[in-house]
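I wanted to poke around a structure and jot down what I looked up. Here are my notes.

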Amino acid sequence: MATPADEHAMRIALDQAQNARLVGEVPVGAVIMRAGQVIATGYNRPITEHDPTAHAEIVALRHAATLLSNYRLPECELYVTLEPCAMCAMALMHARFKRVVFGAADPKTGAAGSVVDLFADERLNHHTQVEGGVLADECGQVLREFFAERRELYRQRRAASAGDDEPIPTGEAVEVDTPPPIALTGPSP
């Protein structure tokens, strides 16, 4: 069950998600807390940094490890607006996070129970406590709105180019594919 401290931290992560949205990234945000204090924050940056590993969790994790001068963060808790993927889940376990709290479940790539549950694999040598569904509706809404806006922009571009016989100039950024809608839900029963 989410505590007021969990909700407070998730709201900080939601603010980070808005930062991602403002720069055109998928709006996922993260915050790392230790003893009730913010250690580091991060938001999705794979597009702007040309780095497929620049997920919100990894950005925050790198920052926290640098600030604390340690790659092990056993007293830290990570709050993220979307369920971690396999890459992020393993990085968090390698860093020995005490706890991971996420907002919206990710039914396509979630590695904390939606698709797989890496955190529950008994064969691994570190076990991180996981809680999902904290402010799930708000976290999911940010993503749904982002992808709805993207789909509408894509439709408008297609409609504009359908009536235009001139080819799009080389070098102009054009979205040629739109991501499928994300069905974001709370934690699985």
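These entries cover cysteines, one helix and one glutamate, and the model is a predicted one.

**Cysteines.** I searched the whole structure for disulfides and got zero. Why does Cys88 have no bond to Cys85? Their sulfurs are 3.7 Å apart, and Cys85 has the closest cysteine sulfur to Cys88, so that is too far for a bond; the cut-off is 2.5 Å. I also checked whether Cys88 is buried or exposed. Cys88 is buried, because its relative accessible area is 0%. Cys139 comes out buried too, with a relative accessible area of 1%.

**Helix H5.** Cys139 is one of the buried residues of H5, so I looked at that helix next. H5 has 27 residues, running from 136 to 162. At 1.5 Å a residue I'd expect a span of 39 Å, and the end C-alpha atoms are indeed 39 Å apart, so the two agree. Besides Cys139, the buried residues of H5 include Leu143, Phe146, Phe147 and Arg151. What do the buried residues of H5 pack against? I found helix H1 (4-22) plus strands S3 (77-82) and S4 (99-104).

**Glu25.** This residue sits in the loop between H1 and strand S1 (29-34). Glu25 is buried yet has no salt bridge. I looked for the nearest side chain of opposite charge and got Arg150, 7.3 Å away. A polar atom of the Glu25 side chain does lie 2.6 Å from the backbone nitrogen of Thr48. Leaving aside neighbours within four places in sequence, Glu25 is in contact with several residues, among them Asn44, Pro46, Thr48 and Phe146. Phe146 was already in my notes as a buried residue of H5.

Technical notes
Residues are numbered from 1 along each chain as its sequence is written. This is a predicted model: local features need pLDDT of at least 70, side-chain atom pairs count only at pLDDT 80 or more; totals for chains, interfaces and linings use all residues. Side-chain values use heavy atoms; hydrogens and water are left out. Buried means under 20% relative accessible area, exposed over 50%, partly exposed in between (1.4 Å probe, protein chains only). Helices (H or I, at least four residues) and strands (E, at least two) are DSSP runs, numbered from the N terminus. The expected span of a helix is 1.5 Å times one less than its number of residues. Contact means heavy atoms within 4.5 Å. Lys and Arg count as positive and Asp and Glu as negative; His and the chain ends are not counted. A salt bridge is a side-chain nitrogen of Lys or Arg within 4 Å of a carboxyl oxygen of Asp or Glu. A polar contact is a pair of N or O atoms within 3.5 Å; within protein, one must be able to donate a hydrogen and the other to accept it, and residues adjacent in sequence count only if both atoms are side-chain atoms.
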